[in-house]
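Here is a short tour for anyone meeting this structure for the first time. Take a look at the picture, then read on.

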Amino acid sequence: MTKKPAKAVTASAVHARSGAPAEEKAAPASSRAARAEERRAAIVDAAMEEFIARGFAATRLDDIAKRAGVAKGTIYLHFKDKESMFEELVRIVIVPVVARLNALPPPTGSVRDLVETFASNFLKEVIGTRRGDLVRLIVAEGPRFPSVADFYYREVVSRGMAGMRALIELGIARGEIREKDLARFPQILVAPALIAVMWQSLFAQHAPLDAQEMLRVHLDLIFGKRSTT
């Protein structure tokens with residue numbers, strides 16, 4: 001009589017027979033997930049470097065894959081195209097900074113103190129960093145790629161403006177801000193941050209800018225000078 005071939009012994013069968021704990025059974029799947037997450041992070045990091053070095057238009061997925069050390073096809077397992085990859089960069093690098101503004105607790109001190117603290121931290125986290133490079137890239141190439149600009153406005157700008165407007169309205173209600181029309185133009189409050197980002201890349205070598213001191217003068221114009229007594 002011909003013997004039937006033995007059935008292949010799978011890893012799951014071995015676990016079932018040995019009574020291995022659930023954590024051990026899940027280990028291969030969790031390891032795969034961890035490796036996938038590592039590859040995704042490597043792709044995002046490589047994309048950041050390529051976008052900043054080449055610009056959005058000139059960056060190729062082949063170059064990103066090469067820098068990340070993965071096959072080009074691996075990129076499509078995580079992102080559908082270059083645009084979705086860029087959006088992920090914005091979510092990871094820029095959105096959390098702006099989200100802190102809307103997560104601020106009600107001020108126990110002055111509104112100016114709250115604005116100054118947030119703006120100072122924003123300058124430290126953006127000026128001279130990859131975040132600043134990314135913002136400059138969006139400003140430079142946004143007009144050529146409306147969908148990218150639309151995404152940035154929705155995820156970053158509109159949230160930042162809403163947070164600033166809320167602080168301005170609170171400052172007006174408390175009598176700290178006299179110009180009530182400022183609430184219509186919250187862009188004025190954040191203008192020093194954008195100026196500093198642009199200045200750093202274009203003119204810093206000719207005329208270094210003290211962004212923190214510029215912020216102080218700007219807030220003096222809006223809130224009035226601090227009392228020295």
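How much of the accessible surface of the chain belongs to carbon and sulfur atoms? The total comes to about 13,900 Å², and 57% of that belongs to those two kinds of atom. Keep in mind that this is a predicted model.

## The overall layout

Let's start with the big picture. The chain has 11 helices and 0 strands, so-called α elements one after another: α-α-α-α-α-α-α-α-α-α-α. Of its 229 residues, 38% count as buried.

The chain also brings together stretches that sit far apart in sequence. Take the contacts between residues at least 6 apart along the chain: 70% of them join residues at least 24 apart.

## Two nonpolar cores

In soluble globular proteins, nonpolar side chains tend to be buried together. Here, the largest nonpolar core has 32 residues, and F86 and V90 have the most contacts inside it. Which elements give two or more residues to this core? They are α2 (22-54), α3, α5 (82-93), α6 (95-102), α8 and α9 (146-173). The biggest giver is α2, with 6 residues. There is also another core, lying apart from this one, with 22 residues that include L101, L167, A183 and A196.

Back to F86 for a moment. Setting aside residues up to four places away in sequence, F86 touches F51, F56, L134, L137, I138 and V148. Three of those names come up again in α8, where L134, L137 and I138 are among the buried residues.

## The stretch from 60 to 79

An unreviewed UniProt entry lists residues 60-79 as "DNA-binding region". In the model, this stretch is 60% helix and 0% strand, and its end C-alpha atoms are 14 Å apart.

Helix α3 covers residues 61-68, and L61, D63, I64, A65 and A68 are buried in it. Right after α3 comes G69, with a positive phi near 75°. Further along is helix α4 (residues 72-75), which holds T74 and I75.

## Zooming in on T74, I75 and M85

Is T74 buried or exposed? T74 counts as buried because its relative accessibility is 15%, and the cut-off for buried is under 20%. Leaving out neighbours within four places in sequence, T74 is in contact with R39 and I43.

I75 has a relative accessible area of 1%, so I75 is buried too. Which residues does I75 meet, beyond its neighbours within four places in sequence? The contacts are I43, L61, I64, A65, V70 and M85. I75 and I43 are 32 residues apart along the chain, yet their C-alpha atoms are separated by 7.2 Å.

M85 lies in helix α5. With a relative accessible area of 0%, M85 is buried. Its contacts, again leaving aside neighbours within four places in sequence, are I43, A47, L61, I64, I75 and F79. One of these partners, A47, is 38 residues from M85 in sequence but 7.5 Å from M85 in space, C-alpha to C-alpha.

## A closer look at α8

Helix α8 runs over residues 130-141, so to speak a 12-residue piece, and reaches 16 Å from its first C-alpha to its last. That is close to the 16 Å expected at 1.5 Å a residue.

What caps the N-terminal end of α8? T129 does the job: one of its side-chain oxygens lies 3.2 Å from the backbone nitrogen of R131. Within the helix, the buried residues are G132, D133, L134, V135, R136, L137, I138 and E141.

## A long-range meeting at E116

The last stop is E116, placed in helix α7 (residues 111-126). Not counting neighbours within four places in sequence, E116 is in contact with L215, L219 and R226.

How many residues apart in sequence are E116 and L219? They are 103 residues apart, while the distance in space is 7.8 Å, C-alpha to C-alpha.

Methods
Residues are numbered from 1 along each chain as its sequence is written. This is a predicted model: local features need pLDDT of at least 70, side-chain atom pairs count only at pLDDT 80 or more; totals for chains, interfaces and linings use all residues. Side-chain values use heavy atoms; hydrogens and water are left out. UniProt positions are given in the numbering used here, feature names are shortened, and annotations may be inferred rather than shown by experiment. Helices (H or I, at least four residues) and strands (E, at least two) are DSSP runs, numbered from the N terminus. The expected span of a helix is 1.5 Å times one less than its number of residues. Buried means under 20% relative accessible area, exposed over 50%, partly exposed in between (1.4 Å probe, protein chains only). A polar contact is a pair of N or O atoms within 3.5 Å; within protein, one must be able to donate a hydrogen and the other to accept it, and residues adjacent in sequence count only if both atoms are side-chain atoms. Contact means heavy atoms within 4.5 Å. Accessible areas come from the Shrake-Rupley method with a 1.4 Å probe; for residues, only the protein chains shown count as cover. A nonpolar core is a set of buried Ala, Val, Leu, Ile, Met, Phe, Trp, Tyr and Cys residues joined through side-chain atoms within 4.5 Å.
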